[in-house]
Structures are given as structure tokens and as C-alpha cells.
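Me: I am new to reading protein models, and I would like a close look at a single part of this one. Could you take me through the core and what surrounds it?

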Amino acid sequence: MEYAIEMNGITKIFPGIKANDRVDLHVKDGEIHALLGENGAGKSTLMSVLFGLYQPEEGNIKIRGKEVEISNPNIANDLGIGMVHQHFKLVENFTVTENIILGMEPKKGIVIDIDKAAKRVLELSEKYGLKVDPYAKIEDITVGMQQRVEILKMLYRNADILIFDEPTAVLTPQEIEELMNIMRKLIKEGKTIVLITHKLKEIKLVSDRCTVLRRGKYIGTVETKDTTEKQLAEMMVGRPVSFEVEKQPAKPGKVVAQFRNLNVLDNRHLPAVKDFSLDVRAGEIMCIAGIDGNGQSELIEAIYGLRKIESGEFIMHGEDLSHEPIRTRVEAGVGHIPEDRHKYGLILDFRLDSNFVLLDYYKEAYQKHGLILFDAILENSERLIEEFDVRSGEGSATKARSMSGGNQQKAIIAREIDRSPELLIAAQPTRGLDVGAIEYIHKRLVEERDKGKAVLLISLELEEVLNVSDRIAVIYEGEIVGIVDAKDATANELGLMMSGSKRGETHAS
């Protein structure tokens, strides 16, 4: 049988870590082949080798039966290989068309023929049902749309082997469904797709076969239709995984945080949060659920102090924090797992141990007479790496930038949960994590609740919302449209409220 892709015995080594250890991957022509593994299992590394971003120490690659040397992405493009990266590679203030033609601009004399390119972009967009405006600026379009631009970049270059690296990590449920349809369309047009993911539902939905990696090693390839989610999870993690969140009923205590008539503007100075009122109690997980873009991001930033509260109050233990700086809020007991881990969660060029003490470096435990106690910082780091299973090539000395996305997320969660704040804001805490890590994070959030802390969870994943929360406040267009007990809520009812078609009673508690 001729395979579209054959990767044989691929080994890739980085300082302190064997990212791929003699890995095999055989992808048939015209199939959607899922590449499954935990965070840091070596999935993205393997695909970066295929795309020419890394050179392997051992192994060989064949494309359609012919052995090839892919020393850079231009060679991959010439071989018809395209890749949509997990963190998009787009120029924010360029238009859609300008991004797509970068590096292969059509000329009219010495001038770039933008209109000709835009016409071609529009044709491709319509053919695959991508619905993208060729003249829109990247900074003005949604994340889901940006991803479509990345797909068009591949199609414009006539790629017929398409690699998607964690394509649904930043999408809403509706956008995920649309992406799955686009993938099916691409296969009908004769393309071959490799889908890197750790979302088992998606694998079951669209893939034909699935190859599993664990800690850099090849575990096996299975036919998706013959394999259950539980079996896939076990292959991936190496042990049985529980999909249920084990927790006792909540015992809510006193009100920890009160939000009264909060009004917050977005970046364009339009109202994003309108008259938002809510009480969050000790010993409960209160979830704010909604479709992305309904004011959640602005609300979290306003509570933590990253964005101005125009009017209204945020009161904690009787103290009004509405206009206090971030450090005052942190010291009053506010913790924050941000939804954008690169922008607000980590300093990417700092070492891991430094990232762990970003909020506490000035405290007695880590400094004496103004001098940093590096031994104490290192000791703290080793403890958190061990406790939260943060995997990195060089341990505490690893630069945050070089870690996998999931392990970056684990590092932030380790820092925030270890501080055990009175009010923990957890925004998309499991975005980009594998089932084993999700299971662990949910357990830790429930432990914080059981210690009598207040947890404010913001999530787009309905399953997570229903499994983890005690109460659910549904937000639509910046307003709370209803508050329900998680044990009484159904996915259908929440879905209706999230789309604004069913309004419950809006009240503060």
C-alpha cells in the first residue's frame, strides 16, 4: 500500500529531553489521521520534523513512497505539506490577503497585485465554505476566523497534506463543529489530514485512524471506529482515566466576593459587561458560562485589575477593590489563572522557577534585605514541578517558552493553586490540556472548594461547566441571564440560555 506519509524511526533530542524516541507514523492517502498524546508527548515535535522546522537525529521520511529530506518549511511547501500551528503565525496589522500571499506575492510589473490575490482567496474561501473577508485586518477578526486564514494559507500554496496542530484549543463549540465540516470537505477534495489533538470526542467524530504517543514513544495505531474513548485515554496516559469529577455536594459558607452593577468597556470602548451583579461564596465553585465573546474576558480582566471598572463595585471581605492595583488585589486574596497564558500567565523568557514566584518574589520567604534567595526559589520550584507533574527538558532552569503549551498551563495552575487564594478566578483552566491533566486540575479545584475557598470558574466547555460547578451563572451580551444549580441543569437548557433565547431571573445571589 502506498502511504501519503511514512515517518520511520524518528528521533529528535533537545537539551535534557528525548522529544521523539524512534517514532513511526504511517498516514494513508485521503484519510484524517489523528495524532494523540498527553501534553509534552512529542506530537508537535514530530509534525515540526515533517514540516521541516526541526531536523531529526535519526529516522527517515517518505512522501508518497519517495524518500525525502525536509530541511526547511519551503521544501515542505514544495512537497505539498502545509501546517496550521497551535499559536497562529499571522501579522496582526496586515489584511487576510496580505497574510496569505506572504512570500509568494503575485506581481503586476513591480507592484504586488493584491486584487488578483484577493480574488483567488475569495474563490478558495467559497469553495471550502470558509466565509473569510479577504480585505479584513487580522486584528479585527475572531480567533476562529484567524484559523481559517491559516487554512487558506495552506490551500493557496496548493498543499494536499494538511497538518492541524491542536486546532480546536481556542475555538467555541460552534466553531469546532464548523471546522470539522471544513475538514470533511477537504478530504472530499482529495486532501490528507493529520490532526494533532488530545480531545477524544473530536478524534471519534472525524478521524479514520489514530496514532498514540506517550512520553516521546510510539504506543500504537488503531482504527478509530473500533476503539472507545476510554481505551484511547488509557493508551495515552498509561492508566485508566475517570471522566467523572468526584465531589461531595458543596457546603457554601459566607460571601467572599460581591460584584455590584459592574460596567466594563471592551478595547473599542463599547460596553462589554453591563450591570453585572453576583455573589461568590466560600466553599463553592461558581461558574460563569457563555459563548466566547459575551464579556467574559473583559469581566475577568476587570476583577483582577487588568482593565478599568467604569462603574460598580467589587467588594471582598468588606473592602472595595474596584480601583485598587493588582498587587493590592493579590494580597487581599485574589488568584488568577488567565485564559491567555502567554500574555498574562508567564514571562516566556524567564526560567520556570522565576515564573513560579512572580507574585511572591518580594516576600520574606524569597528575599532578605532586598537580595533574592535563589536557593529558596529553586526549592519551591522543585516541589511544584513534582506535585503538579510539570514536565520540561531542564527542570527549574527551563525557559517557559520552550515548554509545551499544556505544561505551561500546568505551571500557571501550580503557582496559583499553591498560593490557595480566597477567591480563585480560573479562566479556561483546562484549555489545551489532555485528559489526565484535566482530571488532575478538576480534582485540585474541588480541593480548593473543600478547603473553604471560593472558586470562580469561567469555561466554554459545557461538559466542564456541568461536571465541575456547583452553581452556574449564564452570561449573554455582558449580562447575567440566569443562575441555576449545576445538579439541576441540562446541556440543552444551558445552550439555550447561552444563545440568549431563554432568559432566567436575573438576580445577585
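Reply: Happy to help; here is the setting, then the core, then a few residues elsewhere.

This is a predicted model, in which local features need pLDDT of at least 70, side-chain atom pairs count only at pLDDT 80 or more, and totals for chains, interfaces and linings use all residues. Residues are numbered from 1 along each chain as its sequence is written, and side-chain values use heavy atoms, with hydrogens and water left out.

Let's start with the whole chain. It holds 17 helices and 24 strands; these are DSSP runs numbered from the N terminus, helices being H or I with at least four residues and strands E with at least two. Of the 509 residues, 52% are buried, where buried means under 20% relative accessible area, exposed means over 50%, and partly exposed is in between (1.4 Å probe, protein chains only). Among contacts (heavy atoms within 4.5 Å) with a separation of 6 or more, 66% join residues 24 or more positions apart.

Now for the core itself. A nonpolar core is a set of buried Ala, Val, Leu, Ile, Met, Phe, Trp, Tyr and Cys residues joined through side-chain atoms within 4.5 Å. The largest one here has 40 residues, and Leu-445, Ile-472 and Leu-494 touch the most other members. Helix α14, residues 405–418, gives the most to this core, with 5 residues. Apart from it lies another core, of 35 residues, including Val-264, Val-280, Ile-309 and Ile-458. In soluble globular proteins, nonpolar side chains tend to be buried together.

Zoom in on Ile-472. Leaving out residues up to four places away in sequence, the partners that Ile-472 touches include Met-286, Cys-287, Val-465, Leu-466, Ile-483, Val-484 and Leu-494.

For contrast, look at some residues with more open surroundings. Tyr-361 sits in the loop between α12 (352–356) and β19 (367–368), and it counts as partly exposed because its relative accessibility is 37%. Beyond its neighbours within four places in sequence, Tyr-361 is in contact with Arg-327, Tyr-366, Gln-367 and Ile-372.

Two further residues have a positive phi although neither is a glycine: about 50 degrees for Arg-22 and about 65 degrees for His-269. Arg-22 belongs to strand β2, residues 17–28, and is exposed, with a relative accessible area of 53%. His-269 lies in the loop between β13 (255–265) and β14 (271–281), and is exposed at 61%.
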